[in-house]
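User: I'm new to this structure and would like a close look at one part of it. Could you pick a loop residue, tell me what touches it, and then work outwards from there?

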Amino acid sequence: MWRVLAGRTARLAGGVHQTWRRSLQLRVVTITLVASSLLVGGFAYLIADKITNILLENAETDVLLRLQNGSEYAQGQFSLYNSPQEAQLQDTIDGTVNYLAGGDPTQTSGVVVAITADSFPLAIEPRTSPNVQVRPLISPELRATVAGGKVAHQIGTGALGGERTKYLVYGSPVPTNFGQVELYYLVPLARQDATAADARATVVATGVALVLLLGLLAALVTRLVVTPVRVAARTAQRLSAGLLDQRMVVNGEDDLALLAASFNQMATNLQRQILRLEEMSRLQRRFTSDVSHELRTPLTTVRMAADLIFAERDEFDPAVARSAELLQAELDRFEELLTDLLEISRFDAGFAVLDSEPTDLVPVVHRVAERLAGLAERVGVTIELDVPDAPVIAEVDPRRVERVLRNLVGNAVEHGEAKPVLITLGMDQSAVAITVRDHGVGLKPGEEKLVFNRFWRADPSRARQTGGTGLGLSISLEDARLHGGWLEAWGAPGQGAQFRLTLPARAGDRLTTSPLRLVPADAALPFGGPRDGGLLAIGPGSGAGALAIGPVEGKAEVTS
């Protein structure tokens, strides 16, 4: 039960937190309500306290004035007596109390007047008008102070013949010829308390209404500001989705209208520029395709003439024979470049077609290694294979897969620095993967993102051994994407590089993992930590992006 309650509380807190982060209007209104509540609450407390103090001061002033007058009157009445035992003194005290109370001795509401004589407890009996018991409301401290000859007061709560009421008690000594008696006024504060309560209720109601009005005002003001911002955000999302004709409505001539007009102008300029760039890109692709096709005829003629010259080069002098060999080599490279340009133009135009069929990749890997064995022998590189003995069947386009492997192995041989190149083939239930590992100069940080760019070279001054065109890895990336697969790169300076091709075992399936990891087992971690932890590997990834993240050991989870 506690776990369910904790889970619901966590979900509720998460929803509130998410709403708080996403809603500017909610934050502004909440902050306004909290700040205004604190401010209004502080002022309300000060005002209510001030009203209560004023009412109490007025009551004290009135009672003190009545106490002074009553004390003078009682002193005059008692001046005729020289001894507390005189017979008429008690009657005089009773009459004085009733006179000062100003009413009926049986009245039990209003002001209560009491006369006591602590110095003569046996000779003079305390008298009260109305006739109620006032002892509980007069504290011993107050009695002692007044008996000492000082005027004092206190506030106490008690029931004098009715409901419990708060009383203001004032006491004053009354000197006489035979000694001192004490005069007390007990004034109920019910009216002052009711007035103070009404004032507090009025202040609180006014404060709550003011806070609510401030919150409503903040909501309206922020709505006026936030609504155009939300409209601009939705319009920007539609623009980013390709709906370039979306615009904001311009109302008025204020700052928000200026924002909408500026946004619309920006959108128009972006639309114009994007259309212009699309047209330029289309013309460029068309130009590349047309030029590539048009070059076929003269290239064929030149090739025939060059083949004839190359065949007769032994009859020429050494300089002309060398020129014939250079011409033949450059024509081979030019023809390869023209073929790659045509392939790139088909990818750009969206005309590339995948001819998938069940294919055993083991012979494909062996065939690529055999074809590049001569180049590897010339540069002193050994090609090593780590492939299963059993067939590895996948629904792929064998021509395109072989071209990808040829490009990857060729690059590894060229940059292998006379060290072995390892080709590994792996498979699981949903995917097949091929890694090509070299131990050459490696890749600098960030170059794993650039290696698949067209015509990019890590070291432009480095001489090519294979006479490549600079388009091989770009075409390989497009071939991998056409299969719905990934082509990724890892590299580190001095540790070589590794490329991983991952393809779905069944055409049309979506990849989630790769049978082989991208980072090789013999790679040194940059932070010197354990090799069985997670590691971030960055490469072109899938067709949707260029970031691949996964653990080092086991099956690498890849997210694009």
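Analyst: Let's start with N82. Not counting residues up to four places away in sequence, N82 touches N177 and F178. Keep in mind that this is a predicted model, so everything here describes a prediction. N82 sits in the loop between α2 and α3, the latter running over 89–101. Right beside those contacts in the numbering is T176, and here the chain comes back to meet N82: the two are 94 residues apart in sequence, yet their C-alpha atoms are 7.9 Å apart in space. Is N82 buried or exposed? With a relative accessibility of 56%, N82 counts as exposed, because the cut-off for that is over 50%.

Now step back along the chain into the helix before that loop. Helix α2 covers residues 24–78, and it packs against helix α5, residues 190–240, with the two axes 8 Å apart and an angle of about 160° between them. Angles over 145 degrees count as roughly antiparallel, and α2 and α5 are therefore roughly antiparallel to each other. Their crossing is right-handed. What kinds of residues make up this contact? Sorted by class, the contact of α2 with α5 has 20 nonpolar residues, 10 polar ones and three charged ones.

For a single residue from that region, try Q192. Q192 belongs to helix α5. Once you set aside its neighbours within four places in sequence, Q192 is in contact with L55 and A59. Its relative accessible area is 12%, so Q192 is buried. That gives you a nice pair to look at: N82 counts as exposed, whereas Q192 is buried.

Helix α2 has another packing partner, this time on the side of lower residue numbers. Helix α1, residues 2–22, packs with α2 at an angle of about 95°, and the axes are 5 Å apart. That makes α1 roughly perpendicular to α2. Which residues make the contact? From α1 they are T19, W20, R21 and R22, and from α2 they are L24, L26, R27, T30 and I31. By class, this contact of α1 with α2 has four nonpolar, two polar and three charged residues. So α2 takes part in two packings with distinct geometry, because it is roughly antiparallel to α5 and α1 is roughly perpendicular to α2.

While you're scrolling along the chain, have a look at P130. The peptide bond from S129 to P130 is cis, with omega near -5°. P130 is placed in the loop between β2 (127–129) and α4 (140–147).

Another loop with something to show is the one between α10 (398–414) and β9 (421–427), where you'll find E417. E417 isn't a glycine, but it has a positive phi of about 55°. At a relative accessible area of 38%, E417 is partly exposed. A418 lies in that loop between α10 and β9 as well. A418 is not a glycine either, and its phi is positive too, at about 60°.

Further on come the aromatic rings. How many aromatic pairs does the structure hold? There are two. One of them is F452 with F499: the ring centres are 5.9 Å apart and the planes stand at 75°, so this pair is edge-to-face. F452 is in the loop between α11 (447–450) and α12 (472–482), while F499 is in strand β12 (residues 496–504), so the pair ties together parts that are 47 residues apart in sequence. F452 counts as buried, at 6% relative accessibility, and F499 counts as buried as well, at 8%.

Just after β12, you can find G508 in the loop between β12 and β13 (513–514). At 75% relative accessibility, G508 counts as exposed. G508 and G484 are 24 residues apart in sequence, and their C-alpha atoms are 7.0 Å apart in space.

Finally, let's zoom out. The secondary structure of the protein chain comes to 12 helices and 16 strands. Of its 560 residues, 38% count as buried. As for contacts between residues at least 6 apart in sequence, 64% of them join residues at least 24 apart.

Conventions:
Residues numbered from 1 in each chain as written. Predicted model: local features only at pLDDT ≥ 70, side-chain atom pairs only at ≥ 80, totals over all residues. Heavy atoms only, no water. Axes fitted to C-alpha atoms, helices over the stretch in contact; angles between N-to-C directions. Helix = DSSP H or I, 4+ residues; strand = E, 2+ residues; numbered from the N terminus. Parallel < 35°, antiparallel > 145°, perpendicular 65-115°, else oblique. Left-handed = near helix turned anticlockwise from the far one by under 90°. Nonpolar A, V, L, I, M, F, W, Y, C, P; charged D, E, K, R; others polar. Buried < 20%, exposed > 50% of the residue type's maximum accessible area, 1.4 Å probe, protein only. Contact = heavy atoms within 4.5 Å. Phe/Tyr/Trp six-rings, centres within 6.5 Å; stacked < 30°, edge-to-face > 60°.
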